[in-house]
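I opened this entry to keep track of what I looked up around the ligand, a pocket and two backbone oddities. Here is the structure I worked from.

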Amino acid sequence: MEVKTFGVVGAGQMGNGIAQVAAMSGLQVIMNDIKDEFVQKGLQNITNLLTKAVEKGKMSAEEKDAVLGRIKPSVDLADMSSVDFVVEAATENEPIKFQIFKNLDSICPKDAILASNTSSIPIGRIAAQTQRPDKVIGMHFMNPVPVMKLVEVIRALTTSDETYKLTWDLSVRFGKTPAESSDYPGFIANRILMPMINEAVYCLYHGVGTREDIDTVMKLGMNHPMGPLALADLIGLDTCLAIMETLFVGFSDSKYRPCPLLRKYVEAGWLGRKTGRGFYEYK
Ligand code: CAA
């Protein structure tokens, strides 16, 4: 099967990044969200990034127009009836993802692959919502999608070899390096990353250091491109909390308990960059 039309459900920071790399690889893209303002915001973000690329001489103005011309905005999930491959990048919430997969299963052509960009929910549970569990797979991009090289490819027990190979090849076509993970909560990336971020929040909670000192230690001491608290703000504190909850419940192990300070921030609506306030303040 050849992928020509690629769907993305969710036009937020992950969804619009995925739509951008897919369109840059030459695919026709349908970018869907529940409200037109969300889709327009996603399109604006892509336009801004491509405009910067043109200004830096990394892309021609014609290429930019061609990429944007390949992205069709959508607020009706029924538009996914023409896709060969769709990635769901909605909010990290199990009931919402389950409903989207049930809907996609009834809308998309029967041969279409249904992938999830979930950062921690077991793919097998998502696959079980559909009548095509062999065609459901995890395709986990990293934030910011246009910059980060990794795609974590997660096979459910039911995922077929064909689905897996197609997803792997598509990741390579997008200019990414895929890595395979088994289907356990958090997979590889967030099984390792999120407890580190959570521990950094515990350091702040226990007064071991200020936010600046905690981030400086990890940036300069471990050569991380950004400190864990700044990274949590980039990812979104709601997403970080949701992933910790998934690890905590999925492994029934107290070592994954989310830090109460993380929960407090999320409850206050301090979700990081996207709301202008997380561990740091943003204009
Ligand atoms: N979107 C697109 N491009 C971006 C960007 C964004 N949000 N932020 C930065 N860039 C681009 C810049 O335009 C710049 O591009 P050029 O090289 O073409 O000029 C390049 O990235 C470098 O940016 P900067 O010089 O401004 O800043 P930097 O060198 O500090 O890099 C960073 C910024 C790439 C975000 C870097 O700090 C970094 O790698 N941070 C860690 C990111 C990370 O760990 N991501 C994974 C999060 S976990 C996840 O996503 C999975 C999950 O499930 C939670």
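Before counting classes, I fixed the terms: Ala, Val, Leu, Ile, Met, Phe, Trp, Tyr, Cys and Pro count as nonpolar, Asp, Glu, Lys and Arg as charged, and the others, Gly among them, as polar. I also noted that this is a predicted model.

**Entry 1: the ligand shell**

With those classes, I sorted the shell around the ligand into 10 nonpolar, four polar and two charged residues. I counted 16 residues surrounding the ligand, and the closest are Lys56, Lys58, His140, Asn143 and Asn190.

Next I looked up the polar atom pairs. For Lys58, I found a side-chain N or O atom 2.3 Å from an oxygen atom of the ligand. For His140, a side-chain N or O atom is 2.7 Å from an oxygen atom of the ligand. At Asn143 the partner is in the backbone: a polar atom there is 2.8 Å from a nitrogen atom of the ligand.

Then I checked the cover: the ligand taken alone exposes 1000 Å², and the protein buries 60% of that. I asked which elements give two or more residues to the shell. They are helix H7 (189–205) and helix H9 (228–235).

Where does the ligand lie with respect to domain 1 (5–181) and domain 2 (189–275)? Both domains give residues to the shell, so the ligand lies between them.

**Entry 2: the second largest pocket**

I put the volume of the second largest pocket at about 160 Å³. Its lining includes Glu92, Glu94, Arg125 and Glu245, along with Ile121, Pro122 and Pro185. By class, I have five nonpolar, two polar and four charged residues in this lining.

Which element gives the largest share of the lining? That is helix H10 (residues 237–251), with five residues. Domain 1 (5–181) and domain 2 (189–275) both contribute to the lining, so this pocket lies between them.

**Entry 3: backbone oddities**

As background, I kept in mind that most peptide bonds are trans and that most residues other than glycine have a negative phi.

I flagged the peptide bond from Asn143 to Pro144, which is cis, with omega near 0°. I placed Pro144 in the loop between strand S6 (136–141) and strand S7 (150–155).

I also flagged Phe187, a residue other than glycine with a positive phi, near 55°. I found Phe187 in the loop between strand S8 (177–181) and H7.

Conventions. Residues are numbered from 1 along each chain as its sequence is written. This is a predicted model: local features need pLDDT of at least 70, side-chain atom pairs count only at pLDDT 80 or more; totals for chains, interfaces and linings use all residues. Side-chain values use heavy atoms; hydrogens and water are left out. A residue is near a molecule or strand if one of its heavy atoms lies within 4 Å of it. A polar contact is a pair of N or O atoms within 3.5 Å; within protein, one must be able to donate a hydrogen and the other to accept it, and residues adjacent in sequence count only if both atoms are side-chain atoms. Accessible areas come from the Shrake-Rupley method with a 1.4 Å probe; for residues, only the protein chains shown count as cover. Helices (H or I, at least four residues) and strands (E, at least two) are DSSP runs, numbered from the N terminus. Domain bounds come from an automatic or database domain assignment. On a 1 Å grid over the protein atoms alone, a cavity is a set of points where a 1.4 Å probe fits but cannot get out, and a pocket is an open set with protein on both sides within 12 Å along at least five of seven lines; lining residues have an atom within 4 Å of a point. Grid points are joined across faces, edges and corners, and a volume is the space filled by probe spheres set on the points.
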